[in-house]
Amino acid sequence: MQVLFLQACINEIHIEGRIKKWKSDYHILDAMLRRPGFGWNRNENKLVVENEVWNAFVQESTLKFVFNFV
């Protein structure tokens, strides 16, 4: 079943895609926040980590494909 939001030009496929992307992003953040050295800045809504801890995480991570930009 396809539901259209006429004024927003959004359909069910767009919503499902956004949910899938959100779950993927959440999984990555959750994996980071479970490790020592990672934290969350509630005032700025961002991840905080020292460079040394970050570099170690990228090297050890099974999510290396995500961090190709590093």
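## A tour from fold to surface

Running from the N terminus, the elements of the protein chain follow the order β-β-α-β-β-α, which amounts to two helices and four strands, where helices (H or I, at least four residues) and strands (E, at least two) are DSSP runs numbered from the N terminus. The model is predicted, and for that reason local features need pLDDT of at least 70 and side-chain atom pairs count only at pLDDT 80 or more, whereas totals for chains, interfaces and linings use all residues. Residues are numbered from 1 along each chain as its sequence is written, and side-chain values use heavy atoms, with hydrogens and water left out.

**Whole chain.** With everything displayed, the protein chain exposes about 6,200 Å², of which carbon and sulfur atoms supply 56%; accessible areas come from the Shrake-Rupley method with a 1.4 Å probe, and for residues only the protein chains shown count as cover. Buried residues make up 16% of the 70 residues, where buried means under 20% relative accessible area, exposed over 50%, and partly exposed in between (1.4 Å probe, protein chains only).

**The core.** Select Ile-28, Met-32, Phe-38, Trp-54, Phe-57 and Val-58, the six residues of the largest nonpolar core, a core being a set of buried Ala, Val, Leu, Ile, Met, Phe, Trp, Tyr and Cys residues joined through side-chain atoms within 4.5 Å. Helices α1 (12–33) and α2 (51–60) each supply at least two residues of this core, and α2 gives the most, with three. Centre next on Phe-38, which, not counting residues up to four places away in sequence, touches Met-32, Leu-33, Leu-47, Val-48, Val-49, Val-53, Trp-54 and Phe-57, contact meaning heavy atoms within 4.5 Å.

**Helix α2.** Now isolate α2, whose buried residues are Trp-54, Phe-57 and Val-58. Seen down the axis of α2, these residues fall within an arc of 95°, so they line one face of the helix; the arc is that of the directions from the helix axis to the C-beta atoms. Adding α1, β3 and β4 (46–49) to the display brings in the elements against which the buried residues of α2 pack. On the other side of α2, Glu-52, Gln-59 and Glu-60 are exposed.

**The nonpolar patch.** Switch to a surface view and select Leu-29, Leu-33 and Trp-40, which make a nonpolar surface patch of about 260 Å². Patches are made of residues with over 30% relative accessible area and no salt bridge, with like charges joined within 9 Å and nonpolar side chains (Val, Leu, Ile, Met, Phe, Trp, Tyr) within 5 Å. Trp-40 lies in strand β3 (residues 38–41) and is partly exposed, with a relative accessible area of 41%. Leu-29, placed in helix α1, also counts as partly exposed, at 31% relative accessibility. A distance drawn from C-alpha to C-alpha between Leu-29 and Leu-47 spans 8.2 Å, although the two are 18 residues apart in sequence.

**The salt bridges.** Finish with the charged side chains, among which the structure holds two salt bridges, each defined as a side-chain nitrogen of Lys or Arg within 4 Å of a carboxyl oxygen of Asp or Glu. Select Asp-30 and Arg-34, whose side chains meet at 2.9 Å, N to O; Asp-30 is partly exposed at 23% relative accessibility, whereas Arg-34 is exposed at 66%. Then select Glu-44 and Lys-46, whose side chains form a salt bridge at 2.9 Å, N to O, with Lys-46 partly exposed at 39% relative accessibility.
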